[in-house]
Amino acid sequence: MLIANSAPHLATAVAGRRHLTPLAGRESGPVVNGVWAGLNIAAGVLLLRRKRSAAPAARWDGDLVAFEAGYLGFALWMAGSEAALRTNWEPATELQERRGGGHGA
């Protein structure tokens, strides 16, 4: 789930837009989103490595289905929240200009 959560934040960072994060709230700019995506990827990889080292011969089977269902649920929730709240509908630079040209990550 952590690796899945990194995708929208990484895309937001690359696109130079704002996206809600726990680090800076609604005002999270591209740099903060890049940091949050990196933290999610690192934590997800650490958890996967731990799982793999605990049972090296085990296959994903049921775990893969659960992971995919969770990822799909999360993606649907993100799409629904974007449609309802319109949090990420303008580039960060346009938002800054509209709010008076402040600088921030």
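Biologist: Where does S28 lie?

Modeller: S28 lies in the loop between α1, residues 2–15, and α2. The model is a predicted one, and helix α2 covers residues 30–54.

Biologist: Why is S28 called buried?

Modeller: The relative accessible area of S28 is 0%. Buried means under 20%, so S28, at 0%, is buried.

Biologist: What makes the pairing of S28 and T21 a polar contact?

Modeller: The side chains of S28 and T21 are joined at 2.5 Å. The cut-off for a pair of N or O atoms is 3.5 Å, and the 2.5 Å between S28 and T21 therefore meets the distance condition.

Biologist: How do you know that the length of α1 agrees with its number of residues?

Modeller: Helix α1 has 14 residues, and at 1.5 Å a residue they should span 20 Å. The end C-alpha atoms of α1 are 21 Å apart, which agrees with that expectation.

Biologist: Which residues of α1 are buried, and what follows the helix?

Modeller: In α1 the buried residues are A4, N5, S6, H9, T12 and A13. Just after α1, G16 takes a positive phi of about 75°.

Biologist: Why is L2 called partly exposed?

Modeller: L2 is found in helix α1, and its relative accessible area is 32%. Partly exposed residues fall between the limits of 20% and 50%, so L2, at 32%, is partly exposed.

Biologist: Which residues does L2 contact, leaving aside its neighbours within four places in sequence?

Modeller: With those neighbours left aside, L2 is in contact with N40, A43, G44 and L47. In addition, the C-alpha atoms of L2 and L39 are 8.7 Å apart in space, although the two residues are 37 residues apart in sequence.

Biologist: Is N40 buried or exposed, and why?

Modeller: N40 is found in helix α2 and has a relative accessible area of 3%. The limit for a buried residue is under 20%; N40, at 3%, is therefore buried.

Biologist: What does N40 touch, not counting residues up to four places away in sequence, and what does its side chain reach?

Modeller: Not counting those residues, N40 touches L2, I3, N5 and S6. The side chain of N40 also reaches the backbone oxygen of W36 at 2.7 Å.

Biologist: What makes G38 partly exposed?

Modeller: G38 lies in helix α2, and its relative accessible area is 35%. That value falls between 20% and 50%, so G38 is called partly exposed. The C-alpha atoms of G38 and H9 are separated by 9.0 Å, the two residues being 29 residues apart along the chain.

Biologist: Which elements does the protein have, and in what order do they run?

Modeller: The protein has four helices and zero strands. From the N terminus on, the elements run α-α-α-α.

Biologist: How many of the 105 residues are buried, as a percentage, and what supplies the exposed area?

Modeller: Buried residues make up 25% of the 105 residues. The protein exposes about 7200 Å², and carbon and sulfur atoms supply 65% of it. Among contacts between residues at least 6 apart in sequence, 56% join residues at least 24 apart.

Biologist: Which helix has the lowest mean pLDDT, and which the highest?

Modeller: Helix α4, residues 92–98, has the lowest mean pLDDT, 63, and helix α2 has the highest, 86. The protein averages 77, with 71% of the residues scoring at least 70. Where pLDDT is low, the predicted coordinates should not be read in detail.

Technical notes. Residues numbered from 1 in each chain as written. Predicted model: local features only at pLDDT ≥ 70, side-chain atom pairs only at ≥ 80, totals over all residues. Heavy atoms only, no water. pLDDT = per-residue confidence, 0-100. Helix = DSSP H or I, 4+ residues; strand = E, 2+ residues; numbered from the N terminus. Buried < 20%, exposed > 50% of the residue type's maximum accessible area, 1.4 Å probe, protein only. Contact = heavy atoms within 4.5 Å. Areas by Shrake-Rupley, 256 points an atom, 1.4 Å probe, with all protein chains shown as cover. Polar contact = N/O pair within 3.5 Å; in protein donor to acceptor, adjacent residues only side chain to side chain. Expected span 1.5 Å × (residues − 1).
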